[in-house]
Amino acid sequence: MPRKLKFTINDEYDGKKVLHFLKKEAGLSASLIKTLKETPNGVLFDGRHIRTMDLLKKGGVLTLEIPDSRSLIEPMEYPLDVIYEDEDVLVINKQAGLAMHPTHNHQGDTLANAVASYLSKKGKEAAFRSIGRLDKNTSGLCLAALHKHAAHLLSGRVEKTYFALVEGCFTFPGTIDAPICRPDPMKTLRAVGENGERAVTHYEPIATEPPSAGGNASFLKIRLETGRTHQIRVHFSHLGAPLLGDDMYGGPTDLITRHALHCGAIELHHPITKERMRFEAGLPEDMDRIIKGLTANLSYC
């Protein structure tokens, strides 16, 4: 079903062009405005067709009908942990080991395929528009927009909090500001390098197991100021403190067989209602097990 949005015109937009309202108040992208102009009943005012150059009147109701976007992804049966869902967004707690999008290595076995199946069962169809992405072996919260307008309004406006287990003893918060590059364009591997793009990672220790207590690990809360591929993994490896389980960047694999990274919280303003929303997902079993195993020696910061 197309997504219908209704706006009652107030004093500010009385006598203003429809186009001005669509850009400023509704926040539509230029491409979506073009689509609506070409869609029958795409833009109505008090139930009647109106052109973008026409003027609005106070008290009238402007209705936008955002068309469905056909999903080109093959549905795949896969259990999803859906945290929240409405007509505009979908929040999922992704398991480690599930890739986000189809690639040459993953065809039919990704989160995009699972979402296509989930929506199909509910009689819905939408292109998979992930707001940001998680690496295949990173667990945690993923946000998907269910139409073009929601994706446009959410892009770059979602705050994520990550949790990681790393080598080393971290007792104070800090910031890593180091550019990240791709040394070999044929490989996924990233590295810190002067010719890379700026990357900024903020971290705060939650607990640490110092060498004096027989260990050498820390549990960190992390926030990204930028969103480079493998940013957290590369930055902590650069410090000599790779994530536990991250064999790509030198992390030990005796306690966990995937990099110990989890997106535990996301915050956003809902693209339509503007309500401030926060979602959380507890640590997965493998990371939780490590922390419980270290509890005797952990010093909470």
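User: How far apart are the mean positions of the 38 positive and 37 negative charges of the protein chain?

Analyst: This is a predicted model, where local features need pLDDT of at least 70, side-chain atom pairs count only at pLDDT 80 or more, and totals for chains, interfaces and linings use all residues. Residues are numbered from 1 along each chain as its sequence is written, and side-chain values use heavy atoms, leaving out hydrogens and water. Lys and Arg count as positive, Asp and Glu as negative, with His and the chain ends not counted; each charge is placed at NZ of Lys, CZ of Arg, CG of Asp or CD of Glu. The two mean positions of the protein chain are separated by 7 Å.

User: Is T138 buried or exposed?

Analyst: T138 lies in the loop between β7 (129-130) and β8 (139-145); strands are DSSP runs of E, at least two residues, and helices of H or I, at least four, numbered from the N terminus. Its relative accessible area is 2%, and under 20% is buried, over 50% exposed, and in between partly exposed (1.4 Å probe, protein chains only). T138 is therefore buried.

User: Which side chain makes a polar contact with the side chain of T138?

Analyst: Beyond four places in sequence, T138 touches residues including K94, R258 and H259, where contact means heavy atoms within 4.5 Å. A polar contact pairs N or O atoms within 3.5 Å; within protein, one must be able to donate a hydrogen and the other to accept it, and residues adjacent in sequence count only if both atoms are side-chain atoms. At 2.8 Å, the partner is H259.

User: What is the relative accessibility of H235?

Analyst: H235 sits in helix α5 (residues 231-238). Its contacts more than four places away include I176, V192 and T201. H235 counts as buried because its relative accessibility is 0%.
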